[in-house]
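Me: I'd like to go through a structure with you and learn how to read its features one by one. Can we take it slowly?

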Amino acid sequence: MSTASDFMGHELSEAERRILRREKRMMRITRATGPLTAIGLGWSVPIARIAAGDDPRANLKGLWQGLCVPLIGILAFLAVWAALAPTVQTSLGTVPGPAAVWGQVEALYADYERSSADRAAFYERQDERNQKLVAAGHADRVKVRDYTGAPTYPEQILTSLETVFLGFVLATLIAVPVGIACGLSPTVNGALNPLIQIFKPVSPLAWLPIVTMIVSALYVNASDALPKSMVVSAITVTLCSLWPTLINTALGVASIDKDLVNVGKVLQLSTAKTITKLVLPSAMPLIFTGLRLSLGVGWMVLIAAEMLAQNPGLGKFVWDEFQNGSSDSLARIIVAVITIGIVGFVLDRIMAALQAAFTFSGTR
């Protein structure tokens, strides 16, 4: 007796097998559409469909809108920039065009490579010296010092990212629980809402002196892993960025289906289980919307805080170049501005991808 697989194997022709394999590829591409769109790679979906054998004409519109139109916009911006930049005179000369700015990108990368080579040579010389001391029986004279060269541009980017991550995590740990409490309890919401409305519009430049004085008074024994400058900038980010998450969390919790809350009461669920099993899953889309807004606000606040407090990071790099006043300073500031924008875009795409992964919609 023939099995079903034998029957199918005999019945399916090679053309039908190819069609089946193509349909499976198309299903995988469809499943990947959401994540790719969330991280800003939605334009790759039409390309993948065409490569999988789908009708090119049905995908050309999506490819045009997702890839060609943005590229045309970017190229048009670069052309206008290149044409108008030489016509603007500043105290540091004409505004640099795209070519001059790209030249500074290469120069900053060359500085990074040179600094990396100097750091490696420093530690190599230190290891050789210490090995000779140990071999000569003078182990007590061995010293290990850290390389103290000026931070490179990539290192300043990393410092800013570490700082904004610390401030964002602190803001999330404060805003989400308080937002849940406000959403569940009208009494808590009534008590905290005036404070939220008062402190929400306060500028980071107003918070910074207060934070600096309090951190200097309380954080006396600063560690190398968490320097005082990073703590000051991170807390300033926290104070300015927690409000979008808090407000959206409260709104999301307050607007959940009341039937779900009633079901929790009928099942006599504890408060913790009600929050984790009913409240958070329902409010998660609005919570992530708040998190995305908070991260964007925190990134902007951080640059201003670093500039004003002269704390290490991209903000200090911009201020130092402005004070330097060399012929290359303006181009380097523009490099920093573009870097800030690109990093902000990447951070938002990361949060969008997390939102797509941890929230549910009607389509999945």
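Me: What do the side chains of arginine 114 and aspartate 111 form where they meet?

Reply: The general idea is that oppositely charged side chains can pair when their charged atoms come close. Here, in what is a predicted model, arginine 114 and aspartate 111 make a salt bridge, at 2.2 Å from N to O. The two sit 3 residues apart in helix α5, so about one helical turn separates them.

Me: How buried or exposed is arginine 114, and what about aspartate 111?

Reply: Arginine 114 has 48% relative accessibility, so it counts as partly exposed. Aspartate 111 is partly exposed too, with a relative accessible area of 26%.

Me: Which arginine besides that one is linked with Asp111 in a network of salt bridges?

Reply: That's Arg332: Asp111, Arg114 and Arg332 are linked in a network. The salt bridge between arginine 332 and aspartate 111 comes in at 3.5 Å, N to O. Arginine 332 belongs to helix α13 and aspartate 111 to helix α5, so this pair ties together parts 221 residues apart in sequence. Arginine 332 counts as buried because its relative accessibility is 17%, and the cut-off for buried is under 20%.

Me: How many salt bridges are there by this rule?

Reply: The count comes to 6 salt bridges. Another one to look at joins glutamate 155 and arginine 119, whose closest N and O atoms are 2.7 Å apart. That pair links distant parts of the chain, with glutamate 155 in helix α6 (residues 153–184) and arginine 119 in helix α5, 36 residues apart. Glutamate 155 is partly exposed at 24% relative accessibility, and arginine 119 is partly exposed at 23%.

Me: OK, on to rings. How many aromatic pairs does the rule give?

Reply: You describe a pair of aromatic rings by the distance of the centres and the angle of the planes. In this model the count is 8 aromatic pairs. Take phenylalanine 77 and tryptophan 81: their centres are 5.9 Å apart with 40 degrees between the planes, a tilted pair. Both are in helix α4 (residues 56–84), and being 4 residues apart they are separated by about one helical turn.

Me: Is phenylalanine 77 buried or exposed, and is tryptophan 81 buried or exposed?

Reply: Phenylalanine 77 counts as exposed at 53% relative accessibility, whereas tryptophan 81 counts as buried at 15%. Now try tyrosine 109 and tyrosine 112: ring centres 6.1 Å apart and planes at 40 degrees, so this pair is tilted. Those tyrosines both lie in helix α5, 3 residues apart, which is about one turn of the helix. Tyrosine 109 is partly exposed at 48%, and so is tyrosine 112 at 30%. There's also one aromatic cluster to find, made by Phe122, Tyr123 and Tyr147.

Me: And the surface? Which residues form the positive patch?

Reply: Look for Arg125, Arg129, Arg141, Lys143 and Arg145, which form a positive surface patch. Arginine 125 is in helix α5 (residues 98–135) and counts as partly exposed, with 49% relative accessibility.

Me: What accessible area does the nonpolar patch have together?

Reply: About 630 Å², from Ile338, Ile342, Phe345, Val346, Ile350, Leu354 and Phe358. Phenylalanine 358 lies in helix α13 (residues 329–358) and is exposed, with a relative accessible area of 53%.

How values were computed
Residues numbered from 1 in each chain as written. Predicted model: local features only at pLDDT ≥ 70, side-chain atom pairs only at ≥ 80, totals over all residues. Heavy atoms only, no water. Patch = residues over 30% accessible without salt bridge, like charges linked within 9 Å, V, L, I, M, F, W, Y side chains within 5 Å. Areas by Shrake-Rupley, 256 points an atom, 1.4 Å probe, with all protein chains shown as cover. Salt bridge = Lys/Arg side-chain N within 4 Å of Asp/Glu carboxyl O. Lys, Arg positive; Asp, Glu negative; His and termini not counted. Charge placed at Lys NZ, Arg CZ, Asp CG, Glu CD. Buried < 20%, exposed > 50% of the residue type's maximum accessible area, 1.4 Å probe, protein only. Phe/Tyr/Trp six-rings, centres within 6.5 Å; stacked < 30°, edge-to-face > 60°.
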